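Subject: Structure for you to look at

Hello,

Here is the structure I said I would pass on. Please open it beside this email and follow along.

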Amino acid sequence: MLLAVNRSFNKSDYLPCIAWGSLALACGELSVGARLHLEGRLQSREYQKCLLDGTIDQRVAYEVSCARVEPV
(Lines give C-alpha, C1' and ligand atoms only; values in the text may rest on other atoms or scores of the structure.)
Protein backbone atom coordinates (compact mmCIF):
# COMPACT_ATOMS: atom_id res chain seq x y z
CA MET A 1 0.00 0.00 0.00
CA LEU A 2 1.05 3.62 -0.36
CA LEU A 3 1.03 5.76 2.76
CA ALA A 4 0.44 9.47 2.11
CA VAL A 5 2.25 11.74 4.57
CA ASN A 6 1.03 15.34 4.46
CA ARG A 7 3.56 18.19 4.50
CA SER A 8 3.36 21.97 4.51
CA PHE A 9 2.14 23.96 1.52
CA ASN A 10 -0.37 21.28 0.41
CA LYS A 11 2.39 18.79 -0.43
CA SER A 12 2.44 15.06 0.30
CA ASP A 13 5.02 12.29 0.30
CA TYR A 14 3.96 8.78 -0.68
CA LEU A 15 5.77 5.92 1.06
CA PRO A 16 5.40 2.35 -0.16
CA CYS A 17 4.57 0.03 2.75
CA ILE A 18 4.69 -3.76 2.75
CA ALA A 19 2.88 -6.16 5.07
CA TRP A 20 2.66 -9.95 5.20
CA GLY A 21 0.15 -12.56 6.33
CA SER A 22 -2.80 -11.55 8.47
CA LEU A 23 -1.51 -7.97 8.69
CA ALA A 24 -1.63 -7.73 4.89
CA LEU A 25 -5.21 -9.03 4.90
CA ALA A 26 -6.19 -6.44 7.52
CA CYS A 27 -4.53 -3.67 5.48
CA GLY A 28 -6.57 -4.78 2.48
CA GLU A 29 -9.73 -3.90 4.41
CA LEU A 30 -8.65 -0.28 5.02
CA SER A 31 -10.38 2.46 3.08
CA VAL A 32 -8.56 5.13 1.08
CA GLY A 33 -7.81 8.12 3.30
CA ALA A 34 -7.95 6.15 6.57
CA ARG A 35 -5.75 7.67 9.28
CA LEU A 36 -3.24 5.14 10.59
CA HIS A 37 -0.75 4.52 13.35
CA LEU A 38 2.01 2.47 11.75
CA GLU A 39 5.03 0.80 13.33
CA GLY A 40 7.76 -0.84 11.33
CA ARG A 41 11.18 -0.32 9.86
CA LEU A 42 12.50 1.59 6.91
CA GLN A 43 14.37 -0.63 4.48
CA SER A 44 16.10 -0.15 1.16
CA ARG A 45 16.81 -2.42 -1.76
CA GLU A 46 18.77 -2.00 -4.95
CA TYR A 47 17.35 -2.76 -8.37
CA GLN A 48 18.24 -2.21 -12.00
CA LYS A 49 16.08 -0.24 -14.42
CA CYS A 50 16.47 -0.56 -18.17
CA LEU A 51 16.16 2.89 -19.74
CA LEU A 52 14.71 3.70 -23.18
CA ASP A 53 18.20 4.05 -24.69
CA GLY A 54 19.07 0.51 -23.54
CA THR A 55 21.35 1.49 -20.67
CA ILE A 56 20.95 -0.03 -17.24
CA ASP A 57 20.54 2.34 -14.30
CA GLN A 58 21.27 1.13 -10.76
CA ARG A 59 18.64 2.51 -8.36
CA VAL A 60 17.61 2.28 -4.71
CA ALA A 61 14.01 1.86 -3.54
CA TYR A 62 12.94 2.70 0.01
CA GLU A 63 9.91 1.16 1.70
CA VAL A 64 8.42 0.64 5.15
CA SER A 65 8.15 -2.94 6.37
CA CYS A 66 5.07 -2.87 8.61
CA ALA A 67 5.08 -4.62 11.96
CA ARG A 68 1.81 -3.10 13.21
CA VAL A 69 -0.91 -1.02 11.57
CA GLU A 70 -3.84 0.41 13.53
CA PRO A 71 -6.60 2.78 12.45
CA VAL A 72 -6.65 6.02 14.45
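Strand 3 (residues 36-50) and strand 4 (residues 56-71) pair in the antiparallel sense, over 15 bridges. Please keep in mind that the model is predicted.

The two strands make a hairpin, with 5 residues between strand 3 and strand 4. In the turn, G54 has a positive phi of about 90°. To find a bridge between the strands, look for C50, whose partner in strand 4 is I56.

Next, the core. The largest nonpolar core has 6 residues, namely C17, L23, C27, V64, C66 and V69. Helix 1 (21-28) and strand 4 each supply at least two residues of this core. The largest share, 3 residues, comes from strand 4. In soluble globular proteins, nonpolar side chains tend to be buried together.

V64 is one of the core residues. Not counting residues up to four places away in sequence, V64 touches P16, C17, I18, L38, R41 and L42.

Last, a residue towards the start of the numbering: L3 lies in strand 1 (residues 2-7). Is L3 buried or partly exposed? L3 has a relative accessible area of 22%, and buried requires under 20%, so L3 counts as partly exposed. Leaving aside neighbours within four places in sequence, L3 is in contact with D13, Y14, L15, C17, L36 and L38. One of these, L36, is 33 residues from L3 along the chain, and the C-alpha atoms of L3 and L36 are separated by 8.9 Å.

Regards

Methods:
Residues are numbered from 1 along each chain as its sequence is written. This is a predicted model: local features need pLDDT of at least 70, side-chain atom pairs count only at pLDDT 80 or more; totals for chains, interfaces and linings use all residues. Side-chain values use heavy atoms; hydrogens and water are left out. Helices (H or I, at least four residues) and strands (E, at least two) are DSSP runs, numbered from the N terminus. Buried means under 20% relative accessible area, exposed over 50%, partly exposed in between (1.4 Å probe, protein chains only). Contact means heavy atoms within 4.5 Å. Two strands pair if DSSP finds at least two bridges between them. A nonpolar core is a set of buried Ala, Val, Leu, Ile, Met, Phe, Trp, Tyr and Cys residues joined through side-chain atoms within 4.5 Å.
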